[in-house]
Amino acid sequence: MSEAKSGDTVRINYTGTLKTGETFDSSDGRDPLEFVVGSGQIIPGLDAAIPGMAVGDTKTVEVPCALAYGETNPDACQAVPRAEIPDHIPLDPGTQLQMQTPQGQVVQVVVAEVTDEVVTLDANHPLAGKDLVFDIEIVDIKAA
């Protein structure tokens, strides 16, 4: 039985949880996740756990935030004057919005805080600063 190595295309079933046990993502009910090992298509800490596994192998992988979505970056939070945001935009804390950078790039942000004067928007990935746990199963390996 062949083992996965860098450059191989693999398909995995997975469940991702926080250290609290809360599930944040899963392939349950969907097609397995397909990616090329070592290509940077998935977070580094999970990618590094795949080489050496064979079809049918299962593993629990603990991924520190530094090898997942990184630490929370305070520079990714921006205070915007409330008057600059149109009234029809929902501003409840936790609301996800899209913004466009001056270069035209679309950025996902979350409303972090709202006052009468300022709305603080957070562009950090929702899983930034969090250690993650993945239960994975190798479903298929296509050698490079």
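# Close-up views of a predicted protein model

**View 1. Ile43 and the residues around it.** Beyond its neighbours within four places in sequence, Ile43 is in contact with Val63, Leu67, Ala68, Tyr69, Leu132 and Phe134; contact here means heavy atoms within 4.5 Å. This is a predicted model, in which local features need pLDDT of at least 70 and side-chain atom pairs count only at pLDDT 80 or more, while totals for chains, interfaces and linings use all residues. Residues are numbered from 1 along each chain as its sequence is written, and side-chain values use heavy atoms, with hydrogens and water left out. To find Ile43, look in the loop between strand 3 (33–36) and helix 1 (44–47). Helices (H or I, at least four residues) and strands (E, at least two) are DSSP runs, numbered from the N terminus. Is Ile43 buried or exposed? Ile43 counts as buried, because its relative accessibility is 9% and buried means under 20% relative accessible area, with exposed over 50% and partly exposed in between (1.4 Å probe, protein chains only). From Ile43 to Thr9, 34 residues away along the chain, the C-alpha atoms are separated by 15 Å.

**View 2. The whole protein, as a map for the other views.** The protein has 1 helix and 9 strands. Followed from the N terminus, its elements read β-β-β-α-β-β-β-β-β-β. Its C-alpha atoms fill a box of roughly 65 × 35 × 30 Å along the principal axes. The radius of gyration is 19 Å, whereas a compact globule of 144 residues would have one near 15 Å; the radius is taken over C-alpha atoms, and the globule rule is 2.2 Å times the number of residues to the power 0.38. Of the 144 residues, 33% count as buried. Among contacts between residues at least 6 apart in sequence, 63% join residues at least 24 apart.

**View 3. Asp8, a charged residue under cover.** Asp8 sits in the segment before strand 1 (9–18). With a relative accessible area of 1%, Asp8 is buried. Which backbone nitrogen does the side chain of Asp8 reach at 2.8 Å? That nitrogen belongs to Ala144. A polar atom of the Asp8 side chain also lies 3.0 Å from the backbone nitrogen of Lys5. Such a polar contact is a pair of N or O atoms within 3.5 Å; within protein, one must be able to donate a hydrogen and the other to accept it, and residues adjacent in sequence count only if both atoms are side-chain atoms. Leaving out neighbours within four places in sequence, the contacts of Asp8 include Glu3, Phe35, Val36, Val37 and Ile141. For a long look across the model, find Pro86: its C-alpha atom is 48 Å from that of Asp8, and the two are 78 residues apart along the chain.

**View 4. Thr95 and Pro90, two residues of one loop.** Thr95 lies in the loop between strand 5 (77–81) and strand 6 (96–100), and Pro90 is also placed between strand 5 and strand 6. Thr95 is buried, with a relative accessible area of 19%, while Pro90 is partly exposed at 42%. A polar atom of the Thr95 side chain lies 2.7 Å from the backbone oxygen of Asp92. Outside its neighbours within four places in sequence, Thr95 is in contact with Pro90, Val109, Val110 and Val111. With the same kind of neighbours set aside, Pro90 is in contact with Thr95, Leu97 and Val111. Far from this loop is Asp47, at 37 Å from Pro90, C-alpha to C-alpha, and 43 residues away in sequence.

**View 5. Thr120 in strand 8.** Here you can find Thr120 within strand 8 (residues 118–122). Thr120 counts as buried, at 19% relative accessibility. Which residues does Thr120 contact, once neighbours within four places in sequence are left aside? They are Cys77, Gln78, Ala79, Val110, Val111, Ala112 and Glu113. Glu84 is 36 residues from Thr120 in sequence and 12 Å away in space, C-alpha to C-alpha.
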